[in-house]
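Welcome, and please open your viewer. We will go from one selection to the next, and at each stop you will hear what is there.

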Amino acid sequence: MDSSAVIASLLCLAVPAVTVCYLLTCMIWPFKVCRTCSGTGKKRAPLGRVFRLCRRCQGTGRRIRFGRHAYNVIRREHTKGTK
């Protein structure tokens, strides 16, 4: 076997492994820290010292992961289709 075949074989094994790990992460920890407010849920107002709730996370400090959001959409469509 030449080196390009070995690299291709390893890549074919690595991609599904990474995908399965990401799906498990989305199932165990569906939320991630909001990048806008750094997980505090508050954002400083443009003028003054007033804090306001973060618009992106609605003050929770957490955002749903993309993979979990996609899973929820697919599950919702499946439920609608089977009714």
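The tour below starts with a pair of helices and then visits a few single residues.

Keep in mind as you go that this is a predicted model.

**Stop 1: the two helices.** Select residues 3-28, helix α1, together with residues 66-82, helix α2. At what angle do they pack? The angle is about 80°, and the two axes lie 8 Å apart. Since angles of 65 to 115 degrees count as roughly perpendicular, α1 is therefore roughly perpendicular to α2. Now show the side chains at the contact: α1 brings Tyr22, Cys26 and Met27, while α2 brings Phe66, Gly67, Arg68 and Tyr71. Coloured by class, this contact shows five nonpolar residues, one polar and one charged.

**Stop 2: Arg68.** Stay in helix α2 and pick Arg68. Is Arg68 buried or exposed? Arg68 is buried, and yet it has no salt bridge. Try a distance from here to the nearest side chain of opposite charge: that is Glu77, 16 Å away. Beyond its neighbours within four places in sequence, Arg68 touches Cys26, Met27 and Pro30. Two of those names, Cys26 and Met27, you have just met on the α1 side of the helix contact.

**Stop 3: Trp29.** From Arg68, move to Trp29, in the loop between α1 and β1. Their C-alpha atoms are 9.0 Å apart, although 39 residues separate them in sequence. Turn on the surface here: Trp29 counts as exposed, because its relative accessibility is 53% and the cut-off for exposed is over 50%.

**Stop 4: a salt bridge.** Side chains of opposite charge can pair when their charged atoms come close. How many salt bridges does the count come to? The count is one, so select Glu77 and Lys80, whose closest N and O atoms are 3.8 Å apart. That falls inside the 4 Å limit for a salt bridge. The two residues sit three apart in helix α2, which means that about one helical turn separates them. As for accessibility, Glu77 is partly exposed at 47%, whereas Lys80 counts as exposed at 55%.

**Stop 5: Cys54.** Next, go to the loop between β3 (51-53) and β4 (62-64) and click on Cys54. With a relative accessible area of 3%, Cys54 is buried. Which residues does Cys54 contact, leaving aside neighbours within four places in sequence? They are Cys34, Thr36, Cys37, Gly41, Lys42, Lys43 and Gly59. For a sense of scale, draw a line from Cys54 to Leu23: the C-alpha atoms are 27 Å apart in space, and the residues are 31 apart in sequence.

**Stop 6: two positive phi angles.** Most residues other than glycine have a negative phi, so the last two picks deserve a look at the backbone. Gln58 is in the loop between β3 and β4, as Cys54 is. Its phi is near 55°, a positive value in a residue other than glycine, and at 60% relative accessibility Gln58 counts as exposed. Then jump to Ser38, in the loop between β1 (31-33) and β2 (42-44). Ser38 is not a glycine either, yet has a positive phi of about 60°. Ser38 is exposed too, with a relative accessible area of 56%.

Note on methods: Residues numbered from 1 in each chain as written. Predicted model: local features only at pLDDT ≥ 70, side-chain atom pairs only at ≥ 80, totals over all residues. Heavy atoms only, no water. Axes fitted to C-alpha atoms, helices over the stretch in contact; angles between N-to-C directions. Helix = DSSP H or I, 4+ residues; strand = E, 2+ residues; numbered from the N terminus. Parallel < 35°, antiparallel > 145°, perpendicular 65-115°, else oblique. Contact = heavy atoms within 4.5 Å. Nonpolar A, V, L, I, M, F, W, Y, C, P; charged D, E, K, R; others polar. Buried < 20%, exposed > 50% of the residue type's maximum accessible area, 1.4 Å probe, protein only. Lys, Arg positive; Asp, Glu negative; His and termini not counted.
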